[in-house]
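Here is a brief report on one protein chain. It runs from two cysteines to the overall fold, then to a helix and a hairpin.

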Amino acid sequence: MLNKRFYHIGFGQDDLGSSPPSIALLSGDPERSRLIAQTYLQDVRLLSENRGLNSYVGYLPNGRTILSATSGMGAPSLSIVVNELVQVGIRQVIRIGTCGSIQSYIPVGSVVISSAALCRQGAANDIAPVEYPAAADPFLTVALVKAARELEVEHYIGITASVDTFYEGQERTDSANPNLMRSLHGITEEYRRLNILNYEMECGTLFKMAGVYNFAAAAVCGVVAGRTVSENIILEQKDIAVRNAIATALHAAETLE
């Protein structure tokens with residue numbers, strides 16, 4: 001059904017042209033998807049702005065066709081988008097996100113490349129059992145690490161805590177709900193002792209989907225908050241962190257076979 005346009009992403013396989021992409025750069029923020037497309041890609045074409053899930057197709061400097069797409073915030077939205085992207089032929093997904101570090105040695109402005117995720121996400125439980133591993137593709141992950149090294153981007157590789165909520169699930173109390181459930185009190189310190197590097201909200205479900213759907217997935221996130229110091233996002237360094245994550249993902253995508 002090449003002419004089928006998918007309800008959420010707003011495009012179908014026939015919209016991708018004669019040289020369709022097999023790799024997607026997936027951002028939660030539609031503005032980040034637009035930034036990637038308009039700043040870093042060549043001969044960019046808008047595919048859809050449906051539901052704020054902006055998608056663009058263009059070319060890397062080496063001539064490879066690539067998709068810059070939006071997942072929306074959180075795992076439920078990502079699960080819908082990724083399901084439809086796989087149906088239009090995407091076989092490799094690199095998530096470009098933001099995160100908060102929970103280790104004191106990981107500074108704001110650097111990037112975390114997730115090797116796997118502690119997955120505390122309801123959407124993932126509809127994809128596979130709780131025990132099913134949420135692991136990144138090793139080859140995509142190595143490509144991201146090599147890219148970061150070549151670009152001299154400060155980077156850290158390890159396990160990510162992927163949770164459903166920005167406030168309660170990440171043990172934030174400076175919000176409308178300062179009264180966390182008892183099970184969440186001290187969870188950040190517990191994760192820190194388990195050598196988990198950071199919090200984010202999508203990659204656990206992405207990694208489980210990759211295992212079940214048989215595609216390759218990896219994630220690189222710019223560090224925008226240092227949770228050992230503050231609950232707050234450091235806006236002054238957010239742009240640096242995001243640019244580092246984007247540059248790392250793009251450089252990795254150019255090297256893939």
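## Cysteines

Cysteine 221 counts as buried, at 0% relative accessibility. Cysteine 203 is buried too, with a relative accessible area of 0%. The coordinates come from a predicted model.

How many disulfides does the structure hold? The count is zero. Cysteine 203 is in no disulfide. Its nearest cysteine sulfur belongs to cysteine 221 and is 6.3 Å away. Cysteine 221 is in no disulfide either. For cysteine 221, the nearest cysteine sulfur is that of cysteine 99, at 5.0 Å. A disulfide requires the two sulfur atoms to be within 2.5 Å, so neither distance qualifies.

## Overall fold

The protein chain contains seven helices and nine strands. Its radius of gyration is 17 Å. The globule rule gives 18 Å for 257 residues, so the chain is as compact as a globular protein of that length. Along the principal axes, the C-alpha trace spans about 55 × 40 × 30 Å.

Burial and contacts add to this picture. Of the 257 residues, 54% count as buried. Take the contacts with a separation of 6 or more: residues 24 or more positions apart account for 76% of them.

## Helix 1

Helix 1 covers residues 30–40. Aspartate 29 caps its N-terminal end. The cap places a side-chain oxygen of aspartate 29 2.9 Å from the backbone nitrogen of glutamate 31.

Which residues of helix 1 are buried? They are Arg32, Ser33, Ile36 and Ala37. Viewed down the helix axis, these buried residues fall within an arc of 135 degrees, so they line one face of helix 1. Gln38 and Thr39 are exposed on the other side.

What do the buried residues of helix 1 pack against? Their partners are strand 1 (23–27), strand 2, strand 3, strand 4 (65–70), strand 5 (92–101) and helix 7 (235–255).

## Two buried serines

Serine 33 lies in helix 1. Its relative accessibility is 0%, so serine 33 counts as buried. Leaving out residues up to four places away in sequence, serine 33 touches Ser27, Asn54, Tyr56, Ser68, Ala69 and Thr70.

Serine 27 is found in strand 1. Serine 27 also counts as buried, at 0% relative accessibility. With residues up to four places away in sequence again left out, the contacts of serine 27 include three helix 1 residues, Arg32, Ser33 and Ile36. Serine 27 also touches Ala69, Thr70, Ser71, Gly72 and Ile96. Ala69 and Thr70 appear among the contacts of both serines.

## The strand 2–strand 3 hairpin

Strand 2 spans residues 42–48 and strand 3 spans residues 55–59. In what sense do these strands pair? The pairing is antiparallel, over four bridges. Leucine 46 stands opposite tyrosine 56 in strand 3. Tyrosine 56 is also one of the residues that serine 33 touches.

The two strands form a hairpin with six residues between them. Arginine 51 sits in the turn. Its phi is positive, at about 55 degrees. Both strands of this hairpin are among the elements that the buried residues of helix 1 pack against.

Notes: Residues are numbered from 1 along each chain as its sequence is written. This is a predicted model: local features need pLDDT of at least 70, side-chain atom pairs count only at pLDDT 80 or more; totals for chains, interfaces and linings use all residues. Side-chain values use heavy atoms; hydrogens and water are left out. Two strands pair if DSSP finds at least two bridges between them. Buried means under 20% relative accessible area, exposed over 50%, partly exposed in between (1.4 Å probe, protein chains only). The arc is that of the directions from the helix axis to the C-beta atoms. Contact means heavy atoms within 4.5 Å. A polar contact is a pair of N or O atoms within 3.5 Å; within protein, one must be able to donate a hydrogen and the other to accept it, and residues adjacent in sequence count only if both atoms are side-chain atoms. The radius of gyration is taken over C-alpha atoms; the globule rule is 2.2 Å times the number of residues to the power 0.38.
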